[in-house]
Amino acid sequence: MNVDFDAVYYEPDALEYPLGQMLSQRYADLPWIPVESHNRIPELSAAENREFPILKRHLIVGVRKTHAYSQNNKVSNFLVPYTSSGCRAMCLYCYLVCNYNKCSYLRVFVNREQMMERLLKKDAATPELCTFELGSNSDLVLENVVTNNLPWTIETFGREGRGSITFPTKFDMVEPLLQLDHRGKTIFRMSVNPEEVIRMVELGTSPLPTRIQALNNMAKAGYPVGLLIAPVILLTGWKELYGELIERLRVELSDQVKREGFLEIILMTYSFVHNAINSDAFPGLVPLLDREKMTGRGRGKYCYRTEYREEAETFFRTMLEDKLPTMKLLYIS
Ligand code: SF4
């Protein structure tokens, strides 16, 4: 997949790092615009909501200053701020929009050695072996096309880490990861949705068949793997859509993934901010805010009402038990 940009906004300090220099050569033909901070680019924050797709074409290059880990209790024990935040793709529900509003463009942080050092220190200090989520702020497989950070991350942690690292993705560009010396310490998680949902809602991500193939290939390369069906969107006809998806997974997932992989199911949450941006930027696309099925959940967020969540949970548990019985379902949330 070719990831194209139209301009680079950068913190001048970033060019003192090898990755900053590599990016400055790689994108030498684009305009490079110096900024005081990757977090404060007034001309971009002042843009209209309808300019969201234009903002997404910019690449931001900076130095990460925030390194605080937060605790987590799903697949990982800690969420780690890592080498990027934001994303070049434009999924209409993207959780990053809640944090960064329309400035959820891809920001790449060049001080990866510093982030890895902290990670290894924390990993060495935990009494039990822990799992660290590196992909809660961006899609690292997409970022890798720009920075080539992942092979370094996976092999460095493989050599020097005790626990595990993990990240989810909606992209299929795993070829550079297949031959790595990962030592089983990277848990790769592929996120899927029905093809129609990918086409209408997950703008700029990889298609379903190649995501499934990428997951099969990663399992074959010895990585521990998981499959997310996420986020589940209760559109009209959702049972048919997700029923077909699960049947397709039954047919196309390798026996190895079915035997060794785990499952996560996450129902969509949406927000007032998403609704405002999407209505202006993508007026013709499917509206995701369903006031009949959703209810407020504080701070402008919406989630599905209990009765719809329960119906979805029963549906997924029944379907998965029938079609993918050997895959362990970790949670539905
Ligand atoms: S791929 Fe992930 S990070 Fe990127 S826009 Fe979609 S949901 Fe957001």
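Two strands count as paired if DSSP finds at least two bridges between them, and strands themselves are DSSP runs of E, at least two residues long, numbered from the N terminus. What you have open is a predicted model, where local features need pLDDT of at least 70, side-chain atom pairs count only at pLDDT 80 or more, and totals for chains, interfaces and linings use all residues. Residues are numbered from 1 along each chain as its sequence is written, and side-chain values use heavy atoms, with hydrogens and water left out.

**Stop one: strand β8.** Select residues 106-109. Leu 106 and Val 108 lie on one side, Arg 107 and Phe 109 on the other, and all are buried (under 20% relative accessible area with a 1.4 Å probe, protein chains only). Now add β3, residues 58-62: four bridges join it to β8, and the two run parallel. Leu 59 has Leu 106 as its bridge partner. Next add β6, residues 84-85, which pairs with β8 in the antiparallel sense over two bridges; here Ser 84 partners Val 108.

**Stop two: the ligand.** Show the residues around the ligand (a heavy atom within 4 Å), among them Cys 87, Met 90, Tyr 93, Lys 170 and Phe 171. This shell divides into nine nonpolar residues, no polar and one charged; Cys, Met, Tyr and Phe count as nonpolar, Lys as charged.

**Stop three: helix α10.** Select residues 238-252, a helix of 15 residues (a DSSP run of H or I, at least four residues). Its buried residues include Trp 238, Leu 241, Leu 245 and Leu 249. An α-helix has 3.6 residues a turn, so residues three or four places apart point the same way. To see what covers the buried residues, add β11 (186-192), α9 (208-220) and α13 (306-323), which are among the covering elements (contact means heavy atoms within 4.5 Å).

Methods
The expected span of a helix is 1.5 Å times one less than its number of residues. Buried means under 20% relative accessible area, exposed over 50%, partly exposed in between (1.4 Å probe, protein chains only).
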